[in-house]
Amino acid sequence: VACVYRDYLEKRMKVSAAEQRQLSLFLELYGAVRIKKSVLGFPAKVIKPLTTFEQAEEIIVDLKSSDVDNILVAYQNADDFSLQQKVPTSYRPSSKLGGKKGYQELCEQLNKSNVPLISNIDLTTFQSSGNGFSVRTDTAKLFTGLPGLRYFFKINTGKMSQNQPTTYFLAPKEINNAATKFLKKCVLLINFL
């Protein structure tokens, strides 16, 4: 029945067959996370690598050798400012993942393989002061004058998560300042690479 109806659409109704499009693989990699750990008996937040630049390179090479084309790579938490949860003013690859050299080698491999790389750069939210931005003065304000905060909720209960730290929204007037600082440093980084 389906074949007869397709023939009817093609011959009688002049509907052409849809072009086959090539599908893409969207690969999301996580560089590192900050975890609480006891260091010399004191609780501290340390960076735990999940996927180093070298491992990311190996993953891409393996996928390409398996004839997987049209790969898009999103690399989360691969720079120091994302891991420190500060407003980024430049892109500094994490030394725990391989540093500038490892990042440069990854970029070269991705360029050879014609694979685009997307990094998570968040200029709108932050959790700690630094890089010229303060949680006290540069936070967006609600119409009540209170700071704009982002809370996290548990999916299973709908209640606010006590484990997630409070995230602040950057004031709209400061986003342009953050973007300008970031883009100036990125132009230097691109010229370096």
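**Strands, a hairpin and a charged patch**

Let me begin with an open sheet of three strands, which are ordered β1-β4-β5 and pair in the parallel sense. In this sheet β1, covering 25-30, and β5, covering 117-119, stand at the edges, and because each has a single partner strand, one side of each is left without a neighbour in the sheet. From one strand to the next, the twist averages 20°. I should say at this point that what we are looking at is a predicted model.

Staying with β1 for a moment, this strand runs parallel to β4, which holds residues 71-76, and six bridges join the two. If you would like one pair to find in the structure, take Tyr30, whose bridge partner in β4 is Gln76. As a general reminder, the strands of a sheet pair through backbone hydrogen bonds, and they do so either parallel or antiparallel.

The antiparallel case brings us to β2, residues 32-39, and β3, residues 42-49, which pair with each other over eight bridges. Among the partners here, Ala32 is matched with Pro49 of β3, while Ser38 has Pro43 of β3 as its bridge partner. These two strands make a hairpin with two residues between them, and in that hairpin Leu40 takes a positive phi near 55°.

Further along the chain numbering, let us turn to another open sheet, in which three strands follow the order β6-β8-β7 with antiparallel pairing. Which strands stand at the edges of this sheet? They are β6, at 125-126, and β7, at 149-150, each of which pairs on one side only. Two bridges join β6 to β8, the strand of residues 167-169, and the two run antiparallel. Within that pairing, Thr125 has Phe169 in β8 as its bridge partner.

Finally, I would like to leave the strands and look at the surface, where Glu54, Glu58, Asp62, Glu105 and Glu108 form a negative patch. Two or more residues of this patch are given by each of two elements, namely α2, which spans 53-65, and α4, which spans 99-113. Which of the elements gives the largest share of the negative patch? That is α2, with three residues. Glu105, for its part, has its place in helix α4.

To close, the points to keep in view are the parallel sheet β1-β4-β5, the antiparallel sheet β6-β8-β7, the hairpin of β2 and β3, and the negative surface patch that includes Glu54 and Glu108.

Key
Residues numbered from 1 in each chain as written. Predicted model: local features only at pLDDT ≥ 70, side-chain atom pairs only at ≥ 80, totals over all residues. Heavy atoms only, no water. Pairing = 2+ DSSP bridges. Helix = DSSP H or I, 4+ residues; strand = E, 2+ residues; numbered from the N terminus. Axes fitted to C-alpha atoms, helices over the stretch in contact; angles between N-to-C directions. Patch = residues over 30% accessible without salt bridge, like charges linked within 9 Å, V, L, I, M, F, W, Y side chains within 5 Å. Areas by Shrake-Rupley, 256 points an atom, 1.4 Å probe, with all protein chains shown as cover. Salt bridge = Lys/Arg side-chain N within 4 Å of Asp/Glu carboxyl O. Lys, Arg positive; Asp, Glu negative; His and termini not counted. Charge placed at Lys NZ, Arg CZ, Asp CG, Glu CD.
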